[in-house]
Amino acid sequence: MSSQPNNRYSGIAIALHWVMAVLMLGNIVLIWIVDELPDERVRLAIDTHKSIGITVLGLFVLRLLWRLGHRPPALDALAPWERLAAKLGHIGLYALLLAMPLSGWLHDSAWKDAATHPMSLFGMVPWPRIGFIMGLEPALKEQLHGIFGEVHELLADGFYVLFALHVLGALKHQFMDRQKMLQRMWF
């Protein structure tokens, strides 16, 4: 495992962090405003939300693989309880970055009209639905569609909380404690 000098993350880790952050924030805004959009734009917004979610899933896999081979910089400036909180927060964020896109994909695959509305990434790359879900009988599929949708929303709520704590923690350490936390993950 390699480590980074100067208590900074690697350029690849930084790039993955910020690209995923921007995509997640965009996806959050997109789904929050979807009900305010004119009817003719709703399908495009939902399809874009799905595409961003699948993209985040792919980037998460790359990020996880990168992280497994590259030790993050130490958090020596933090108290032991803060290091534990940071570690648990990151584990939680990683779990949600995996579970949210998967639950969304399951939700979409259980949609009653999925078979007649092919999915594609950003309207360009055909993307499969989850076959065993698509093959279920319609009543069960409809029930699962609702369950997976609720799970997806609950996971999103958890993400909002952990994301807010992550940002507030970084800002607290940067500006109140005068520790250079933002420089660790900034270009």
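Trainee: Which residues of H5 are buried?
Mentor: In this predicted model, helix H5 spans 138-176, and burial is taken as under 20% relative accessible area. By that cut-off the buried residues of H5 are Lys141, Leu144, His145, Phe148, Gly149, His152, Leu155, Ala156, Phe159, His173 and Gln174.

Trainee: Against which helices do the buried residues of H5 pack?
Mentor: Packing is judged here by contact, that is, by heavy atoms within 4.5 Å. On that basis the partners of the buried residues of H5 are H1, H2, H3 and helix H4 (131-134).

Trainee: How far does H5 reach from its first C-alpha to its last?
Mentor: H5 has 39 residues, and at 1.5 Å a residue a span of 57 Å is expected. The computed reach is close to that expectation, at 55 Å.

Trainee: Is Gln174 buried or exposed?
Mentor: Gln174 is found in helix H5 and, leaving out residues up to four places away in sequence, touches Gln179, Lys180, Met181, Leu182 and Gln183. Its relative accessible area is 12%, and because the cut-off for burial is under 20%, Gln174 counts as buried.

Trainee: Which residue takes a positive phi just after H5?
Mentor: The place to look is just after the helix, where a phi of about 60° is found. The residue with that positive phi is Arg178.

Trainee: Which helix gives the most to the largest nonpolar core?
Mentor: The largest nonpolar core has 16 residues, and those touching the most other members are Met20, Met24, Val56, Phe60, Leu97, Met100 and Phe159. Helices H1 (11-33), H2 (39-69), H3 (80-109) and H5 (138-176) each supply at least two residues of this core. With five residues, the helix that gives the most is H3.

Trainee: What is Val56 in contact with, leaving aside its neighbours within four places in sequence?
Mentor: Val56 is among the residues of the largest nonpolar core that touch the most other members. With those sequence neighbours left aside, its contacts are Met20, Leu23, Met24 and Leu97.

Trainee: Which helix gives the most to the lining of the second largest pocket?
Mentor: This pocket has a volume of about 780 Å³, and of its 29 lining residues the closest to the centre are Ile31, His49, Gly104, His107 and His152. By class, the lining has 16 nonpolar, eight polar and five charged residues. H1, H2, H3 and H5 each supply at least two residues of the lining, and the helix that gives the most, with eight residues, is H5.

Note on methods. Residues are numbered from 1 along each chain as its sequence is written. This is a predicted model: local features need pLDDT of at least 70, side-chain atom pairs count only at pLDDT 80 or more; totals for chains, interfaces and linings use all residues. Side-chain values use heavy atoms; hydrogens and water are left out. A nonpolar core is a set of buried Ala, Val, Leu, Ile, Met, Phe, Trp, Tyr and Cys residues joined through side-chain atoms within 4.5 Å. Buried means under 20% relative accessible area, exposed over 50%, partly exposed in between (1.4 Å probe, protein chains only). Helices (H or I, at least four residues) and strands (E, at least two) are DSSP runs, numbered from the N terminus. On a 1 Å grid over the protein atoms alone, a cavity is a set of points where a 1.4 Å probe fits but cannot get out, and a pocket is an open set with protein on both sides within 12 Å along at least five of seven lines; lining residues have an atom within 4 Å of a point. Grid points are joined across faces, edges and corners, and a volume is the space filled by probe spheres set on the points. Ala, Val, Leu, Ile, Met, Phe, Trp, Tyr, Cys and Pro count as nonpolar, Asp, Glu, Lys and Arg as charged, and the others, Gly among them, as polar. The expected span of a helix is 1.5 Å times one less than its number of residues.
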